[in-house]
Amino acid sequence: MISQWLSRFCGLMLGVVLLAGEAHAEEKIYIVTSLPDLADIAARIGGDLVTVESLAKGIEDPHGVPIKPSFVPKLNRAQVLIVMGLEYEHSWIPALVTESRNSKIVKGNSGYIDVSLKVTPKEVPTDLSRAKGELHPAGNPHFNLDPEGGRLIAQTIAEGLTLNFPQHRATFEANLKVFLAQLNAKIRDWEILARPLHGVKFISYHQDFTYFADRFGMDYVGTIELKPGIEPTASHLVELMQNMKTVGAKIVLREPHFSEKVPNQIAAQVGGLVVKLPIMVGGSPEVKTYFDLIEYNIRELLKAAQVAGVAGKV
Amino acid sequence: MRTQLQLRVLIGLIILAFGIVGGLGPVFAQNPGAPAASEVENLKKQMALMEEQLRQLRLQVDKMAGQPVAPGSAGPPAASTADPALEKRLGEVENKADAALTATKKSFASQFNPSLSLAIDTIGSYKSNAQGFNPGDGTGTRDAGGRVNNSRPAGADFNLRTAELFISADVDPFTRAYAVINASADAANGDEATMGVEEAAIVTTRLPYNLTVRGGRFFADFGTLPHRHDHDLPFVDRPPSIDTFIGGESQTNGVEVSWLAPTPFYLRASGTIGNKLGADSREGVTNVNSRPIKGLTYLGRLQTYFDLNDDHNLELGGSIVETPNAEDITNSGRFERRLVGMDFRYRWYPLGSGVRQSLTIAGELLHDIGEADPVNGGRRTDVFGNPVRQGAWGGYVYAEYRLSKQWRPGFRFDYFQLQSEPLLVTNPLTGLPASTLNATGHRTDNRTWSPYLTWFPSEFQRLRLQYNRSVRGNAQSADEFFLQWTVFLGSHSHGFSERE
């Protein structure tokens with residue numbers, strides 16, 4: 001009697017397990033990314049095979065995303081976690097990953113995809129001291145604003161996904177090829193489009209635009225922040241404005257998560273103008289994809305440079 | 001990691017060589033159009049491509065090898081390359097790559113060192129007068145350190161409250177561990193800073209079914225602020241209600257099992273068995289003696305969280321601690337300790353500007369329904385020594401508004417009841433001394449109002465000004481001023497449970 005029940009129970013459990021396995025096999029790969037740019041690109045690489053979700057939204061301060069407990073169940077279910085790396089998310093991702101109890105996505109394991117691996121970081125501090133600010137010990141992490149950075153991100157994601165799901169290698173590679181072909185074409189267009197930005201001098205609130213400026217030949221004059229992550233002091237602002245006047249910088253970039261007060265004051269003082277530029281997908285309502293992000297930033301800057309009369313001749 | 005790097009450098013070199021010798025053309029000239037129908041086809045294509053590349057390489061090599069040495073250049077050794085400049089550059093690149101590889105191969109004994117951080121928390125304070133509890137006449141009785149219920153005696157004082165070393169690292173693929181070593185002023189040592197192990201715990205990292213086990217000494221999972229370290233509190237002092245009911249931090253020696261429910265929303269449960277609850281527990285229960293199983297302390301907590309929308313969220317939790325039969329080594333009496341707590345935290349944190357502007361409203365409500373006497377230790381008795389079992393309420397609520405990245409004003413209100421202070425009155429019927437407890441059932445009310453202002457010059461430095469107006473039962477009310485200065489060296493993060 002007991003053995004009969006036992007065998008029935010075992011059969012039932014087996015059925016449940018098989019069903020669960022079956023259901024699981026048909027499910028899409030669940031990818032969580034720290035930032036929306038990664039989600040956009042991962043969705044392109046993964047195509048129909050994946051569901052992608054970004055924890056942060058484009059209008060947030062990527063360095064100060066709050067540790068919301070609602071992120072924990074998402075990370076718990078995630079099959080892959082994609083991060084920017086270079087300590088970009090150091091204040092929130094590590095604590096969340098630990099709490100998620102998902103060993104797959106722990107740094108160093110295959111489910112943890114760090115897209116900075118192929119990037120040659122800029123502004124790597126030679127002197128690691130907190131006196132230099134608090135944010136970028138591994139170098140500037142804002143490489144997503146350079147479309148060539150987008151190429152490296154896409155390649156790293158494709159490799160990472162292939163490592164985790166080798167059965168879908170062909171799809172990932174094919175999708176990557178399509179993405180890169182589009183990106184290559186775009187980059188050619190953007191380089192032509194952005195020619196008037198050559199030599200345009202600008203400041204920004206945070207040191208976000210290094211890679212972007214280097215790509216399109218713009219001239220970074222300084223940041224409103226005293227150091228990355230440190231709010232400006234009065235003397236720093238005086239010095240900055242003096243510097244802007246000396247070199248003739250008119251453009252003040254403001255990232256959406258910083259207040260407009262100080263940038264507006266500076267622009268008024270130096271007779272320049274403020275341009276609000278997103279640093280991530282979704283940072284502005286028009287910016288829905290990674291391609292939108294680069295295109296939007298170039299076009300907004302062109303407009304501003306023309307208004308300010310600092311646009312170069314093509 | 002290192003092999004990965006080597007592999008990447010190697011692949012990079014190969015690509016570089018291909019690029020230089022064969023021209024980049026063939027590598028990037030693939031048609032990026034329609035995705036391949038199947039993997040096999042894709043592989044075939046790749047093979048074909050590689051064959052083509054190889055063929056072209058061979059052609060080039062053949063061409064170079066077949067090139068006649070220029071008639072005039074008999075002097076130099078017969079290098080078979082066509083372009084010495086190219087050769088030189090290749091050599092340079094190789095040297096650089098070799099140097100980089102060698103650099104990554106260096107090993108240091110310190111490579112496996114854990115991460116370290118140090119918190120320094122110093123407080124200057126002034127208190128108008130001492131506040132007593134027990135006699136109810138304002139004079140107060142003090143413990144060995146001259147304090148009553150952790151409130152400092154009257155007068156001005158500088159206090160190095162914390163010099164806290166936080167050490168953490170992975171132990172192996174299955175566990176991590178951390179320790180918090182604190183040298184803090186301790187009443188038991190005449191306010192001299194003494195080194196103590198606040199926490200030293202081992203935590204599992206790979207258990208199945210979303211389980212985590214923590215063992216050692218740790219701040220037990222009870223409520224929200226009881227398991228925060230002093231310097232991590234949103235105020236200068238721990239809310240007096242928590243201090244009284246828990247006894248400082250919720251420290252325990254024991255083992256905890258926590259579970260994350262596989263639900264789409266956040267739900268976490270934990271259960272702990274430990275010696276006692278409270279680092280400065282005044283119930284006379286210590287870590288020193290062993291005790292019967294019933295003398296251990298059992299804790300449970302359930303917490304959840306909801307995003308009301310992108311900008312508003314709510315956290316709720318409930319906790320219980322039960323010591324069925326605690327033994328007080330000083331009074332050698334036995335008593336039951338039971339405490340239940342509920343906590344909430346509402347946050348308005350607008351996505352785009354939360355770093356600069358946000359609001360937190362949070363609070364905890366505690367109900368002590370055990371027999372333990374949180375002030376004198378042991379079993380709670382009235383003046384006649386009869387055991388008293390009577391519930392007492394306590395709790396706090398605070399609101400903090402973030403004005404900017406740097407400035408955060410806030411206000412806290414704290415309330416707790418003490419029912420263990422038999423106020424000496426004369427029973428009008430018998431003419432004998434009686435306690436208020438027996439005569440009227442009255443408990444004393446203790447209230448504290450605390451406005452405070454925090455300034456963060458940076459993420460790792462904080463100054464805080466706080467004023468406490470406290471009214472303690474029948475005791476004289478007191479004014480307290482604090483100026484707290486805190487810095488953090490190293491990567492300071494106690495992790496998820498200590499999140500802002």
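Here is a walk through this predicted model, from the overall layout of chain A down to single strands and then out to the partner chain.

Let's begin with the broad inventory. Chain A has 314 residues, and 47% of them are buried. DSSP-style bookkeeping gives the chain ten helices and eight strands. If you like to think in contact maps, take the contacts in chain A with a separation of 6 or more: residues 24 or more positions apart make up 62% of those.

The domain assignment splits chain A in two, with domain 1 covering 27–189 and domain 2 covering 195–308. Their C-alpha centres sit 25 Å apart. Where the two touch, domain 1 of chain A puts in 29 residues and domain 2 of chain A puts in 26. On the domain 1 side, the elements that give two or more residues are α2 (36–46) and α5 (147–164) of chain A. That side of domain 1 is a mix by class: twelve charged residues, nine nonpolar and eight polar.

Now for the sheet with β1 to β4. Four strands of chain A line up in the order β2-β1-β3-β4, making an open sheet with parallel pairing. At the edges you'll find β2 (50–54) and β4 (112–114) of chain A, each of which pairs on one side only. From one strand to its neighbour, the average turn in this sheet is 20 degrees, direction ignored.

Zoom in on one end of that sheet. Strand β3 (residues 80–83) of chain A runs parallel to β4(A), and three bridges join the two. One of the pairings to look for is A:Val83, whose bridge partner in β4(A) is A:Asp114. Over this pair of strands lies a helix we've already met: α5(A) lies across β3 and β4 of chain A, at about 160 degrees to β3(A). So much for the strands; remember that α5 of chain A also gives residues to the side of domain 1 that touches domain 2.

On to the other sheet. Here the order is β6-β5-β7-β8 of chain A, once more four strands in an open sheet with parallel pairing. The edge strands are β6 (219–223) and β8 of chain A, each pairing on one side only. Neighbouring strands in this sheet are turned against each other by 30 degrees on average, direction ignored.

Strand β7 (residues 251–254) of chain A is a good place to park the camera. Which way do its side chains point? A:Ile251 and A:Leu253 go one way, A:Val252 and A:Arg254 go the other way, and all are buried. Toward one neighbour, three bridges join strand β5 (residues 201–204) of chain A to β7(A), and the two run parallel. In that pairing, A:Phe202 stands opposite A:Ile251. Toward the other neighbour, β7(A) is joined by four bridges to strand β8 (residues 273–276) of chain A, again running parallel. There, A:Val252 stands opposite A:Val274 in β8(A). To get from β7(A) to β8(A), the chain passes through helix α9 (residues 261–270) of chain A, giving a β-α-β crossover that is right-handed.

Two more helices lie across strands of this sheet. Helix α8 (residues 234–247) of chain A lies across β5 and β6 of chain A and runs at about 160 degrees to β6(A). Helix α10 (residues 290–308) of chain A lies across β7 and β8 of chain A, at about 175 degrees to β8(A).

Finally, step back to see the partner chain. The contact takes 36 residues from chain A and 35 residues from chain B. On the chain A side, the elements that give two or more residues are α3 (71–77), α4 (93–100) and α6 (169–193) of chain A. Which of them gives the most? That is α6(A), with nine residues. By class, the side of chain A that touches chain B has 15 nonpolar, twelve charged and nine polar residues.

Note on methods: Residues numbered from 1 in each chain as written. Chains lettered and ligands numbered in written order. Predicted model: local features only at pLDDT ≥ 70, side-chain atom pairs only at ≥ 80, totals over all residues. Domains from an automatic or database assignment. Contact = placed C-beta atoms within 7 Å. Nonpolar A, V, L, I, M, F, W, Y, C, P; charged D, E, K, R; others polar. Buried ≥ 20, exposed ≤ 12 C-beta atoms within 10 Å, placed from the backbone. Pairing = 2+ DSSP bridges. Right-handed = clockwise from strand over helix to strand, strands pointing away. Axes fitted to C-alpha atoms, helices over the stretch in contact; angles between N-to-C directions.
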